[in-house]
Amino acid sequence: MATRSSARQAAAAAKSSSPASSQDQSKSTSNGAAGTKRKGGSTNASPQTKRGRKGAKKEQTTIEETMPTESIVEPSKDTEMKDAPQQENTGAGDPAPAADEADQDPQQGKQAVANGQDSGPAGKDEANGETEKKEDAEVTKNGTEAGEPATKTDAVEESTKREESTPSSILEKGIIYFFFRPRVGIDEPSDVGDIARSYIILRPLPHGAKLGDGPIGDEGHNRMLALPKKVLPVSPKDRFMTFVEKANTSMEDIKTNLSASDYMTKTAGSRHTPAAAPIGEGVYAITSTGRETHLAYILTSPAEISEVQEGVGLRQRGSFLTSAKNPETSAPAGASLPKGAEYPKEILDEFRGRGWMSLTPKLLDYENTQFLIIGHKEDALEKATVPQVDDVKQDKEEPKEEMEKLEHEDELRVEHLKGDDTVFEDLGLSSKEYPKLQTTW
């Protein structure tokens, strides 16, 4: 096979000699075009670039800076919220959020997460065609035709078959991480009382995605949720407020927020804020069961929960009823942010003047979104994954089956990486700078 170098020499020599030079030159031009097909196809903007079209986001003050921790974490302030939704008997002994009063479209709020564009410009053409062959082979391996933009740049693979079989009651699915940050000056917490705040990191995946090997790439559509209560709800009586501290953000931004820091005070001098410690990783789904929405999860790491996970209310499988707060209604002192989410009019209209409605994924794309997570007595995952009539008629997978399938893929992915250190691999963190995945106090 002729190289690009020999083709250019032949074209140059033929320019002044043979009448057939026009044909040779045409072939040379054709060869050159073929060699740069991938390069031309890679001019698409990356997902991060597309998300930036709305302009740079304002600097967001963290919840920890705007809300005194001590005023929030008191149990009475979270469990006795006068503006919280009223409980109803749902037939299973669980409370129903106020949003249950309105019909909930199972399709409402489904996220169309961008995935499948080139992550950047293609590299320079090599002198021979071997690099192109390798690139085309890799693209084919990733599930696309040779010469097409790659839709897999990491462990995430899009599948048309998976898309068609995934039930519509799964509004969003993805990877979930649980962290907690010890109190100032406490690097090694000995119990829940030493925790200052807990966090949940959500990394949405395309609706038809499946997981292969490798870390999860950064699409810049990550969310960081803060739990001032420090623990997760474990019963219907537990109704804890949660906040979106960072929305549509990069892992670099989340890394900055999870890292340790030092600062000076006038009274105590230098103070040290420890880095947040991971306590769990797995898969999640935001599901609709008609009028209710749930945040369901299955843990992949650690393989077995221990005293730390039990202490903060984590289970191997679990879910929470969810209900989003209308930012235009009042809330008890110490149980809301100084500034609420800035929803567009069409979202505010969906509240219909009520104080609460079912949480949908699109609300999590706004910083300062406030929502309740409400515990279940038992069988939490089963209650969040009840098959819906329309999905059964269309012979879709059951929601729990899809979650279990995703969890199995994640389990294999974790095994092929570094086990519990997968959290650091995925988030782009250095395991030397952050505590190991914690299972014991």
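## Exercises on strand pairing, burial and confidence

Strand S6 (residues 239-249) and S13 run antiparallel, joined by 5 bridges. This is a predicted model. The exercises start from that strand pair.

**Exercise 1.** Find the strands that pair with S13, and name a residue pair for each.

*Solution.*
- Step 1. Begin with S6, which is antiparallel to S13 and linked to it by 5 bridges.
- Step 2. Pick a residue pair: Met241 stands opposite Leu372 in S13.
- Step 3. Turn to strand S11 (residues 317-325). It pairs with S13 over 4 bridges, again in the antiparallel sense.
- Step 4. Pick a residue pair here too: Thr322 has Ile373 in S13 as its bridge partner.

**Exercise 2.** Decide why S13 counts as largely enclosed by the rest of the structure.

*Solution.*
- Step 1. Fix the cut-off: buried means under 20% relative accessible area.
- Step 2. Count along S13 (residues 370-374). Because 5 of the 5 residues are buried, the strand is largely enclosed by the rest of the structure.
- Step 3. Recall a rule: in a regular strand, side chains alternate between the two faces of the sheet.
- Step 4. Sort S13 by face. Gln370, Leu372 and Ile374 lie on one side. Phe371 and Ile373 lie on the other.
- Step 5. Conclude: these residues are all buried, and both faces of S13 are covered.

**Exercise 3.** Describe how S7 connects to S8.

*Solution.*
- Step 1. Locate the strands: S7 spans residues 261-265 and S8 spans residues 269-273.
- Step 2. State their direction. The two run antiparallel, with 5 bridges between them.
- Step 3. Check a position: Ser261 stands opposite Thr273 in S8.
- Step 4. Name the link: a hairpin of 3 residues joins S7 to S8.

**Exercise 4.** Summarise the whole chain.

*Solution.*
- Step 1. List the elements: 16 helices and 13 strands.
- Step 2. Give the burial: 48% of the 441 residues are buried.
- Step 3. Take the contacts with a separation of 6 or more. Residues 24 or more positions apart supply 76% of them.
- Step 4. Add the surface. The chain exposes about 21,000 Å², and 47% of it comes from carbon and sulfur atoms.

**Exercise 5.** Say where the model calls for caution.

*Solution.*
- Step 1. Read the average: the mean pLDDT is 74, and 61% of residues reach 70 or more.
- Step 2. Mark residues 14-58. Their pLDDT is below 50, and the stretch has 44 contacts in the model beyond near neighbours in sequence.
- Step 3. Mark residues 98-151. Here too the pLDDT is below 50, with 114 contacts beyond near neighbours in sequence.
- Step 4. Apply the rule: where pLDDT is low, the predicted coordinates should not be read in detail.

Conventions
Residues numbered from 1 in each chain as written. Predicted model: local features only at pLDDT ≥ 70, side-chain atom pairs only at ≥ 80, totals over all residues. Heavy atoms only, no water. Buried < 20%, exposed > 50% of the residue type's maximum accessible area, 1.4 Å probe, protein only. Contact = heavy atoms within 4.5 Å. Areas by Shrake-Rupley, 256 points an atom, 1.4 Å probe, with all protein chains shown as cover. Pairing = 2+ DSSP bridges. pLDDT = per-residue confidence, 0-100.
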